[in-house]
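Hi,

Here's the structure I said I'd pass along. Have a look at it first, and my notes on what turned up follow right below.

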Amino acid sequence: MNVLTFDSQEKFNEAGANIITSLVQTNPHAVLGLATGGTPVGIYEQIVKDYKRGLVSFRGITSFNLDEYVGLPSNHSESYRTYMQEHLFDHVDLQPEQTHIPNGNAPDPEAECRSYDELIERVGPIDLQLLGIGHNGHIGFNEPAHALLRGTHIVELAEETRKANARFFDQPAQVPRQAITMGVGTILQAKMIVLAVRGADKAEIVHRALIGPITTECPASLLQTHPHLVVLLDEAAGKQV
Ligand code: GLP
């Protein structure tokens, strides 16, 4: 595990963007695993800057997002499809057919999960998976549990997760109760994982994830078993490691 701590937001974002753009420069057909949340916003902004400077092209890549809320129309302002279009996809040379996000409105959600896994199986493995972490240690939307699932599945969101994500919605009650998430098996199969975490409120969970026992009660702790994990932290998130 390679843990890098940055003393400015700018350096943190540049480091995250550099890892992704360097991969795409050396492998123009890379398969990227992408994440949402507040943390990657600045990383995507930096990637868009690199693209506009002509440093990188996404013409040949394929992307798979980790997760999506169940029941929000895909054009809802808080759907992860909208997030990805606004922060990255609309600003670089990526066609819609290159980007994949689970469909949270699929008429048959189980079939949607199976076909998402089949597609990753066919096009993958994922070369680089970008990840954030929830305050309870969730990755994607894999919430703490006695057992975790390998493949894409429907999850009930933890109340803590709904509260943390309420900041993006007009009313807390509007936060969906379910999501579709890639499973931890698929996440761990990525050739390289980049875990990006910011903020003092995440210092304790970063400690548990990176140094604590490996347990499904802290899904991010499973990342300790990955042979190629890079952790990007700001100083506040890195206080306890
Ligand atoms: C959501 C996403 C996660 C993300 C987490 C942390 O719950 N499903 O994939 O890691 O938020 O996000 P933030 O970066 O906003 O703290």
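Leu34 has Asn65 as its bridge partner in β3. That pair belongs to a set of four bridges that join β2 to β3 (residues 62-65), with the two strands running parallel. Leu32 takes part as well, with Ser63 as its partner in β3. Before I go further: this is a predicted model. The protein averages a pLDDT of 97, with 100% of the residues scoring at least 70, and the model comes with ipTM 0.95 and pTM 0.97.

Back to the strands. On its other pairing, β2 (residues 31-34) runs parallel to β6 and is joined to it by two bridges. Leu32 turns up here too, bridged to Leu128 of β6. From β6 you can carry on to β9 (residues 192-197), a parallel pairing over four bridges, in which Leu128 is partnered with Met192. So much for the individual pairs; here is the whole thing. The sheet is open, has seven strands and parallel pairing, and its order is β1-β10-β9-β6-β2-β3-β5. Its edges are β1 (2-6) and β5 (99-100), each of which pairs on one side only. As a general reminder, strands of a sheet pair through backbone hydrogen bonds, either parallel or antiparallel.

Which residues of β2 are buried on each face? Val31 and Gly33 are buried on one side, and Leu32 and Leu34 are buried on the other, which leaves both faces covered. β6 (residues 128-131) is covered on both faces too: Leu128 and Leu130 are buried on one side, Gln129 and Leu131 on the other.

Leu131 deserves a second look, as it also features in the largest nonpolar core. That core has 63 residues, and the ones touching the most other members are Leu131, Ile133, Val194, Leu195 and Ala209. The element that gives the most to this core is β9, with five residues. If you want to trace the contacts of Leu131 yourself, leave out anything up to four places away in sequence and you'll find Ala35, Ile139, Ile193, Val194 and Leu195.

Now the ligand, which I suspect you'll go to anyway. How many residues surround the ligand, and which are the closest? There are 14 in the shell, and the closest are Gly37, Gly38, Thr39, Gly132 and Gly134. By class, the shell comes out as nine polar, four nonpolar and one charged.

One backbone detail to check if you set anything up from these coordinates: the peptide bond from Gly124 to Pro125 is cis, with omega near 5°. Pro125 sits in the loop between α4 (109-123) and β6. For context, most peptide bonds are trans.

Finally, three residues I looked at one by one.

- Glu160 is in helix α5 (residues 159-165). Is it buried, exposed or in between? Glu160 counts as partly exposed because it has 14 C-beta neighbours inside 10 Å. Beyond its sequence neighbours up to four places away, Glu160 touches His135 and Asn136. Asn136 is 24 residues from Glu160 in sequence, and their C-alpha atoms are 7.5 Å apart.

- Lys239 is in the segment after β10 (229-234). With 15 other C-beta atoms within 10 Å, Lys239 is partly exposed. Setting aside neighbours within four places in sequence, Lys239 is in contact with Ala200 and Ala203. Thr5 is 234 residues away from Lys239 along the chain, yet the C-alpha atoms of the two are separated by 9.6 Å.

- Leu23 belongs to helix α1 (residues 9-26). Why is Leu23 partly exposed? Leu23 has 19 other C-beta atoms within 10 Å, and a residue needs 20 or more to be buried. Outside the four-place window in sequence, Leu23 is in contact with Ala30, Asp127 and Leu128. Gly104, in turn, is 81 residues from Leu23 along the chain, with 29 Å between the C-alpha atoms.

That's the lot from me.

Cheers

Conventions:
Residues numbered from 1 in each chain as written. Predicted model: local features only at pLDDT ≥ 70, side-chain atom pairs only at ≥ 80, totals over all residues. Near = placed C-beta within 6 Å. Nonpolar A, V, L, I, M, F, W, Y, C, P; charged D, E, K, R; others polar. Buried ≥ 20, exposed ≤ 12 C-beta atoms within 10 Å, placed from the backbone. Pairing = 2+ DSSP bridges. Core = buried A, V, L, I, M, F, W, Y, C linked by C-beta atoms within 7 Å. Contact = placed C-beta atoms within 7 Å. pLDDT = per-residue confidence, 0-100.
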